[in-house]
Amino acid sequence: AQRLRSNGVGSTSRSQGLRILQIAIGGVVALLLAIVIAALVALTAGCGSSSSSGGSMLTKVGDGEKQLNLVVWAGYAENGSTDKTVDWVSGFTKETGCVVQSKTAATSDEMFSLMQTGQYDGVSASGDASVRMIDAGLVAPVNVDLVSNYADISSFLKDQPYNSSGGKHYGIPHGWGANYLMYNSKVVTTAPDSWGAVFDTNSPYKGKITAYDAPISIADAALYLKSAKPELGIKDPYSLTQPQFDAAVELLKGQHSVIGEYWNDYTKAQSAFEQGTTVLGTTWQIIYNLAVANNADLKTVLPKEGATGWSDTWMISSKAAHPNCMYLWMNYITRPDVQSQVATWFGEAPANPKACDVIGTSDATFCDVFKAKDAAFAQAISFWATPRKKCLDGSGDSCVPFSEWIKAWTTIKG
């Protein structure tokens, strides 16, 4: 795929906008959907079971059942229909006999709803959906001993709150990335090093600050408060007691006065930074790359508090009709040669660092740009995870569940 070059953080494939697009398509509709299912979330994530079995775990992989039905983010199961040169699904079918039928979801809420139907064998879930699926019993534990490539996956992606529960593995890591702070270097002449720059109600950039439009953004405020107000005792931005949650919500309500616009459409976010109507705010590396390719004067930084981010996980349905094909898929999709195709097409750090050797034959800088092997960088990221009443960090049973995050976000935006 064609690449765009830029100074600073980045190179990107022409399809890296898929990460943004997959989230952006839902836009306002996604938020409305989230509100509609809030009651359901309260019954699942709100209850907070941390050991829901969800279904039996395979003890051996048998012959494939000839079919595999997946719910995926756009760009995760390419079969040549998007671009005839981009096709790793056909190779899987040829090797295993499993014919893949994939359903692309625009949002995590849509993924959750689709998995409720029981019609799908697996899903490529982000952290703001995976825990909900575990708690609802929609996914089964994964026997990682049956996935030979699991041993090669970066250790910092394993045994995380968003892909394990009750001492059990609930998925195979796929790919990951960080959320950055971006600024217009011609306007913001003093480089920010803290998320405090976007929460300053006296900011000289009032009306030109942006923030991502989703309930999970409450975690960004909590992450900042973790160090800005240590007396709150925040340890995990997704495991918040009521006082901690209230403090994060109040901070975001104050931030509302300096926000020019919230964004969930990558084209609008990119355009706003390019035109100068936005000069400071949350971004993804892809937006930076595309904007800089259009000669925008932008820079990105990972603030001293760290950042939130996303790490996607392949999970198997507790009602999978084709479990053998799903296990074969999880092993195939994490193979170095396949991971290299997905990472460069989609625009993310591969979970299997051995993919970097393959990628390096055509792009020696890719894995450095995406920090694929940088454990310290990954440790500075608080990957998205679905908040629930039973705290994800093991601190107790009195954390604010995701259903309340959804309600609070509507009040934050007024």
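# A tour of the disulfides, the core and the loops

Begin by selecting Cys356, which counts as buried because its relative accessibility is 9%, and the cut-off for that word is under 20%. Before you go further, keep in mind that what you see is a predicted model.

**The whole chain**

Zoom out and colour the protein chain by its secondary structure, where 17 helices and 16 strands should appear. Of the 414 residues in the protein chain, 61% are buried, and its accessible surface comes to about 15700 Å², with 50% of that area belonging to carbon and sulfur atoms. If you consider the contacts between residues at least 6 apart in sequence, 76% of them join residues at least 24 apart.

Now colour by confidence. The mean pLDDT of the protein chain is 87, and 86% of the residues reach 70 or more. Select residues 1-53, however, and you will find that pLDDT stays under 50 throughout that stretch, although the model has 149 contacts for these residues beyond four places in sequence. Where pLDDT is low, the predicted coordinates should not be read in detail.

**The disulfides**

How many disulfides does the count come to? The count comes to three, and when the bonded cysteines are numbered in sequence order, the pairing is 1-2, 3-4, 5-6.

Select Cys98 and Cys325, whose sulfur atoms lie 2.0 Å apart in a disulfide. This pair links distant parts of the chain, 227 residues apart, with Cys98 in the loop between α4 (89-96) and β4 (99-104) and Cys325 in helix α12 (residues 323-333). Both Cys98 and Cys325 are buried. If you ask the viewer for the torsion about their S-S bond, you should find about -85°, so this disulfide is left-handed.

Return next to Cys356 and add Cys367 to the selection, since these two form a disulfide with their sulfur atoms 2.1 Å apart. Here the linked parts of the chain are helix α14 (residues 355-359), which holds Cys356, and helix α15 (residues 366-369), which holds Cys367, with the two positions eleven residues apart in the numbering. The torsion about the S-S bond of Cys356 and Cys367 is about -95°, so this link too is left-handed. Cys367, at 12% relative accessibility, counts as buried.

Then select Cys391 and Cys399, joined by a disulfide with an S to S distance of 2.0 Å. Is this link left-handed or right-handed? With 105° about the S-S bond, the link of Cys391 and Cys399 is right-handed. Cys391 is buried, with a relative accessible area of 7%, and Cys399 is buried as well, at 3%.

**The core and the last helix**

Select Trp88, Met133, Trp176, Ile218, Trp314, Trp329 and Trp405, which touch the most other members of the largest nonpolar core, a set of 127 residues. Centre the view on Met133, and, leaving out residues up to four places away in sequence, look for what it touches: Met111, Phe112, Met115, Val123, Ala125, Leu138 and Val139.

From Trp405, another of the core residues just listed, widen the selection to helix α17 (residues 402-412), where Phe402, Ser403, Trp405, Ile406, Ala408, Trp409 and Ile412 are buried. When you look down a helix like this, it helps to remember that an α-helix has 3.6 residues a turn, so residues three or four places apart point the same way. Just after α17, Gly414 takes a positive phi of about 75°.

**A buried asparagine and two lysines**

Move to Asn143, in the loop between β6 (139-140) and β7 (164-165). Is Asn143 buried or exposed? Asn143 counts as buried, because its relative accessibility is 13%. A polar atom of the Asn143 side chain lies 3.0 Å from the backbone oxygen of Leu58, and, apart from neighbours within four places in sequence, Asn143 is in contact with Met57, Leu58, Thr59 and Tyr327.

Finish with two backbone angles. Most residues other than glycine have a negative phi, yet Lys66, which is not a glycine, has a positive phi of about 80°. Lys66 sits in the loop between α3 (38-44) and β3 (67-72), and at 57% relative accessibility it counts as exposed. Lys371, also not a glycine, has a positive phi of about 55°; this lysine is found in the loop between α15 and α16 (375-379), and at 27% relative accessibility Lys371 counts as partly exposed.

Key
Residues are numbered from 1 along each chain as its sequence is written. Side-chain values use heavy atoms; hydrogens and water are left out. Buried means under 20% relative accessible area, exposed over 50%, partly exposed in between (1.4 Å probe, protein chains only). Helices (H or I, at least four residues) and strands (E, at least two) are DSSP runs, numbered from the N terminus. A disulfide is a pair of cysteine sulfur atoms within 2.5 Å. A polar contact is a pair of N or O atoms within 3.5 Å; within protein, one must be able to donate a hydrogen and the other to accept it, and residues adjacent in sequence count only if both atoms are side-chain atoms. Contact means heavy atoms within 4.5 Å. A nonpolar core is a set of buried Ala, Val, Leu, Ile, Met, Phe, Trp, Tyr and Cys residues joined through side-chain atoms within 4.5 Å. pLDDT is the predictor's confidence in each residue, from 0 to 100. Accessible areas come from the Shrake-Rupley method with a 1.4 Å probe; for residues, only the protein chains shown count as cover.
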